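These are my notebook entries on a single model. I set out to look up charged pairs and the surroundings of the ligand.

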Amino acid sequence: MNLPIRARLTVLYSVVLASSFVAFFWVSDLGFRRSIEATVDNASRTNLETVRRLVLANSSLRGESKLREELSRLAELWANGALFEVASSNGHWIFRSQQFLRIYPALPQIVDRDLSFATTNLDASQYRIALQRVTTGGEVYEIHAAVPTEPFDQALDHFRLMEKEILPLLVLLASLSGYWLSGRSLAPVNRIIETAGLIGAQNLSSRLEVPRARDDLRRLTETLNAMLARIEASFKRITQFTADASHDLRTPVAVIRATAEITLRKLRTQEQYRRALSTILETSVDTSELLENLLTLARADAGAAGMEMRPLDLSAHVQKARERAALLGLEKALDVTATTPPEPVWVKADAIAVDRLLLILLDNAVKYSPRGGRCEIALSQSENHAQITVRDSGAGIPEIELNNIFDRFYRVDRARSKNTGGAGLGLAIARWIAEMHGGTIAAESTVGAGSAFHVLIPVHAKS
Ligand code: ADP
């Protein structure tokens, strides 16, 4: 059903209520009918009892004509349509109310001495008849007392008529109140829809009004608000990322442009051209590195970074990384060492990504270490994880910064980092690579003594 929720609720409410009303009326009808039947039987039994007493009191000892006389008098007294007849055992009628002639033209066979009941029609009216055989003074009498059921049936008919008239009214009332009630309960939902419709990129900090009642709507609103908060945070991160990226790209482009412009203003010596060109070259190398990093993170955000996970031995990659770090550290005369276990350490990983992760950590270790410092890479394996630790004897990172250094564009000391040329993207990429491999990355550091970065990657049982 494609009906709006309010219409569906109303239909549901009306159907449920209408069925309850029908069930209620059906049960009441049944109860009413039973009670009417009992009342009618009671009335005919009472009448029969009266006649029986009269018969017993005027038994044959005092003569049949006396009894007939008494019975006639009784018949006159009963004006409410009650009938009766009395037959003696030899088959003749002692007394018969007029209409009875037509009910039982012949004497009915009543073998049972106990009281019994029958229903019959006469002149389009129904009668309930109580029948009983009475023995007194050697005589057997057959007594029948009938009461018209019409007055009782009328009451039942009235009741049914009322049911028929009142039921549609009640259903209508139920539908209207259902419509009203569902409207009322859906009003907060409509408010949520209206407010949610107004929230866009410009006012992402707006929140939905939380209803006071602790119900499902409150949970819905709270969930939506939490979702809005998450969207707002991501949106802020993205705008911040774009702003930082443009800022960081503007600087090198400005340097390249200014160098070229100034150099071109007049004729320069060969040496001056060479210096200008190497500045431009260095800056463009940095810029393409920055662009490469930005692209990596953008692909990571889009979930489109295609990694090829294959079983690989981390020891080999650690050794390769040590060689590259040794080259990087040559200028500063750094002592770069690597320790790996004798047996291979298998992980399922993307070889290029692993090399990149190691290079980021080693590059930082080299960058932030003083001349003649130390830089170690240690690979070890526990039951489930391979652990790579990159330790340096550099400047260290203040403890309160340790949580932030993995954020994009975060640099502990902008002035210091400026000299080292970083854009603050390396560790963000490192963390992303570790996470893509189901691993983690963490840092510990003592200012002035050095830092250590620990990467954990689940081991892969090589089959
Ligand atoms: P960057 O390109 O600036 O090095 P990273 O994301 O790699 O960016 O690192 C973020 C910041 O963390 C750096 O700017 C630096 O301040 C700090 N940092 C990272 N590695 C080290 C380290 N080995 N020793 C000291 N500081 C470090």
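Entry 1. I began with Glu271, which is partly exposed at a relative accessible area of 38%. I recorded that the model is predicted. Glu271 forms a salt bridge with Arg275, and the closest N and O atoms are 3.7 Å apart. Arg275 is also partly exposed, with a relative accessible area of 48%. I noted that the two residues stand four apart in helix H6 (residues 270-302), so about one helical turn separates them.

Entry 2. I then examined Asp301 and its partner. The side chains of Asp301 and Arg408 meet in a salt bridge of 2.8 Å, N to O. This pair links distant parts of the chain, 107 residues apart: Asp301 lies in helix H6, and Arg408 in the loop between strand S10 (385-392) and H9. I found Asp301 partly exposed at 49% relative accessibility; Arg408 is partly exposed as well, at 28%.

Entry 3. I turned to helix H1. A salt bridge joins the side chains of Glu49 and Arg53 (3.9 Å, N to O). Because they are four residues apart in helix H1, the separation is about one helical turn. Glu49 is partly exposed, with a relative accessible area of 25%, whereas Arg53 is exposed, at 55%.

Entry 4. I asked how many salt bridges a search of the whole structure finds. The search returns 23. I also listed a network of salt bridges that links Lys66, Glu69, Glu70 and Arg73.

Entry 5. I looked up whether Asp29, in helix H1 (residues 5-57), is buried or exposed. Asp29 counts as buried, because its relative accessibility is 9% and the cut-off for buried is under 20%. Beyond its neighbours within four places in sequence, Asp29 is in contact with Leu156, Phe159, Arg160 and Glu163.

Entry 6. I moved to the ligand, which 20 residues surround; the closest are Asn364, Tyr368, Asp392, Gly422 and Leu427. By class, I recorded nine nonpolar, seven polar and four charged residues in the shell. An oxygen atom of the ligand lies 2.8 Å from a backbone N or O atom of Leu427. I also found a ligand oxygen 3.3 Å from a polar backbone atom of Ala423, and a ligand oxygen 3.3 Å from a polar backbone atom of Gly424. Taken alone the ligand exposes 530 Å², of which the protein buries 98%. I closed by noting the elements that give two or more residues to the shell: helix H8 (351-367), helix H9 (414-420), helix H10 (426-436) and strand S12 (450-458).

Methods. Residues are numbered from 1 along each chain as its sequence is written. This is a predicted model: local features need pLDDT of at least 70, side-chain atom pairs count only at pLDDT 80 or more; totals for chains, interfaces and linings use all residues. Side-chain values use heavy atoms; hydrogens and water are left out. A residue is near a molecule or strand if one of its heavy atoms lies within 4 Å of it. A polar contact is a pair of N or O atoms within 3.5 Å; within protein, one must be able to donate a hydrogen and the other to accept it, and residues adjacent in sequence count only if both atoms are side-chain atoms. Accessible areas come from the Shrake-Rupley method with a 1.4 Å probe; for residues, only the protein chains shown count as cover. Ala, Val, Leu, Ile, Met, Phe, Trp, Tyr, Cys and Pro count as nonpolar, Asp, Glu, Lys and Arg as charged, and the others, Gly among them, as polar. Buried means under 20% relative accessible area, exposed over 50%, partly exposed in between (1.4 Å probe, protein chains only). Contact means heavy atoms within 4.5 Å. A salt bridge is a side-chain nitrogen of Lys or Arg within 4 Å of a carboxyl oxygen of Asp or Glu.
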